[in-house]
Amino acid sequence: MTLPASRRRFLQLAGAGLAVTGTGLPQLGHAQPATAAAPAPAKGAVLLNFNECPYGPSPAAQQAARDSTASCGRYRFELAGQVRDAFIEQARIPADHVRLYPGSSEPLNRAAVLWTGPQAGLVVADPTFETLGEVAAAHGAHVQKVPLREDGAHDLRAMVAAAHARPTGLLYVCNPNNPTGSISPPDELAWLLAHKPGSTRVLLDEAYLQYSEQPSLIAQVAQRDDLIVLRTFSKLYGMAGLRLGVATAHPDRLRELASLGDNPLPVPALAAALASLRDPQLIPQRRLQNAKVRQATIAWLGKRGFSCVPSEANCFVVDVQRDGSAFAKAMADNGVVIGRSWPIWPQRVRVTVGTEEEMAAFCRAFAKVAGVPA
């Protein structure tokens, strides 16, 4: 839970260059500047590029956020406590193993600052969510990228071998992975935890796990001091613009994350999160809704000869069989903005799963650009 910090303590942190702004965390990760610098899409374009939930916050969450605005003149720390309590009831972990943040990118960036550096490298998959690697590299850490397996999943054994090959402070697993949506099953993750170097911490990013039927490893933070599990309200809960995330870990790890400063949480985000957590049908409904549309789209692509990496998230990667960047530009010219390609996969692009109507528009544009039957 995020607790109020005294103004004196905040000024001490800021003066020492340790407050969140002083660390340069948002700048180092590039996630926010890159988003802000992206050219504005054409009016009316279908946006399938940032893994946003096309349905937005649930109706109950929207109402709760609206109702909260009258009390936004206060910090509402007690509301943060209610969100924490609702979260730990579902996660079944102790309250002192949970801390709330304005999005999960903030604790992710802090982890890179704290636990990587010139003498403590980072091991990641390739491709995966890149912000952590960018922050670690900016702090002088060696970032070892381990290619995904042929099926698109993390090569966890190769990642463990890489962590043993040189001093490694942090090993990052995004599960399901971004951009692929591929999953690492619990038994494979258990093997990783059992065989990694003892001094290496594992950062498990479960931003997309609610889209999958796979169980979470979050309960293990109560038994280990080397595992940090991140969750977010940005994806399935549809709160990307409201910003609320959760870091779960041993209290010592949470204190280290908190050492880089504190910041009150946005009241509308807390209100929307609490309403979301209190809705037992929201996760299964949206999981089923997303899977239905995703599978139909992937099947459509497969019938036209375009392969996709197996996905259990709200995104997938498709091999467009030509330059991915040029293909994405052509799609945008046809009113559908999709994700990008990666240096290791120049002919594959990421696509966010939208509504049925949005994916129908995607298929029409894809058929036109690829020159295949609609």
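This is a short dialogue on reading a predicted model.

Q: What should be known about the model and its numbering?
A: The model is predicted: local features need pLDDT of at least 70, side-chain atom pairs count only at pLDDT 80 or more, and totals for chains, interfaces and linings use all residues. Residues are numbered from 1 along each chain as its sequence is written, and side-chain values use heavy atoms, with hydrogens and water left out.

Q: How many helices and strands are in the chain?
A: Helices (H or I, at least four residues) and strands (E, at least two) are DSSP runs, numbered from the N terminus. The chain has 15 helices and eleven strands.

Q: What part of the chain is buried?
A: Buried means under 20% relative accessible area, exposed over 50%, and partly exposed in between (1.4 Å probe, protein chains only). Of the 374 residues in the chain, 53% are buried.

Q: How is a helix such as α13 read against its expected span?
A: The expected span is 1.5 Å times one less than the number of residues. Helix α13 (residues 282-303) has 22 residues and spans 32 Å from its first C-alpha to its last, close to the expected 32 Å.

Q: Which residues of α13 are buried, and what do they pack against?
A: An α-helix has 3.6 residues a turn, so residues three or four places apart point the same way. In α13 the buried residues include Leu282, Arg286, Asn290, Val293 and Thr297. With contact meaning heavy atoms within 4.5 Å, the buried residues of α13 pack against α12 (267-277), β9 (315-319) and α15 (356-370).

Q: Is Ser311, in the loop between α13 and β9, buried or exposed?
A: Ser311 counts as buried because its relative accessibility is 10%. Its side chain reaches the backbone oxygen of Cys315 at 2.5 Å. Leaving aside residues up to four places away in sequence, Ser311 touches Thr180, Gly181, Ser182, Arg294 and Phe316.

Q: How many cavities does the structure hold?
A: On a 1 Å grid over the protein atoms alone, a cavity is a set of points where a 1.4 Å probe fits but cannot get out; lining residues have an atom within 4 Å of a point. Points are joined across faces, edges and corners, and a volume is the space filled by probe spheres set on them. There are four cavities of 30 Å³ or more, and the largest has a volume of about 60 Å³.

Q: Which classes of residue line the two largest cavities?
A: Ala, Val, Leu, Ile, Met, Phe, Trp, Tyr, Cys and Pro count as nonpolar, Asp, Glu, Lys and Arg as charged, and the others, Gly among them, as polar. The lining of the largest cavity has five nonpolar, four polar and two charged residues, including Tyr211, Arg286 and Asn290. The second largest cavity, about 50 Å³, is lined by eight nonpolar residues, with no polar and no charged ones. Helix α10 (186-195) gives the most to that lining, with three residues.

Q: Where does the backbone have cis peptide bonds or positive phi?
A: Most residues other than glycine have a negative phi, and most peptide bonds are trans. A cis bond joins Asp126 and Pro127, with omega about 5°, and another runs from Asn175 to Pro176, with omega near -5°. Asn51 has a positive phi near 55° and is buried, at a relative accessible area of 0%. Arg243 has a phi near 70° and is partly exposed, at 23%.

Key: 1 Å grid on protein atoms, 1.4 Å probe; cavity = no way out; pocket = protein on both sides within 12 Å on 5 of 7 lines; lining within 4 Å. Polar contact = N/O pair within 3.5 Å; in protein donor to acceptor, adjacent residues only side chain to side chain.
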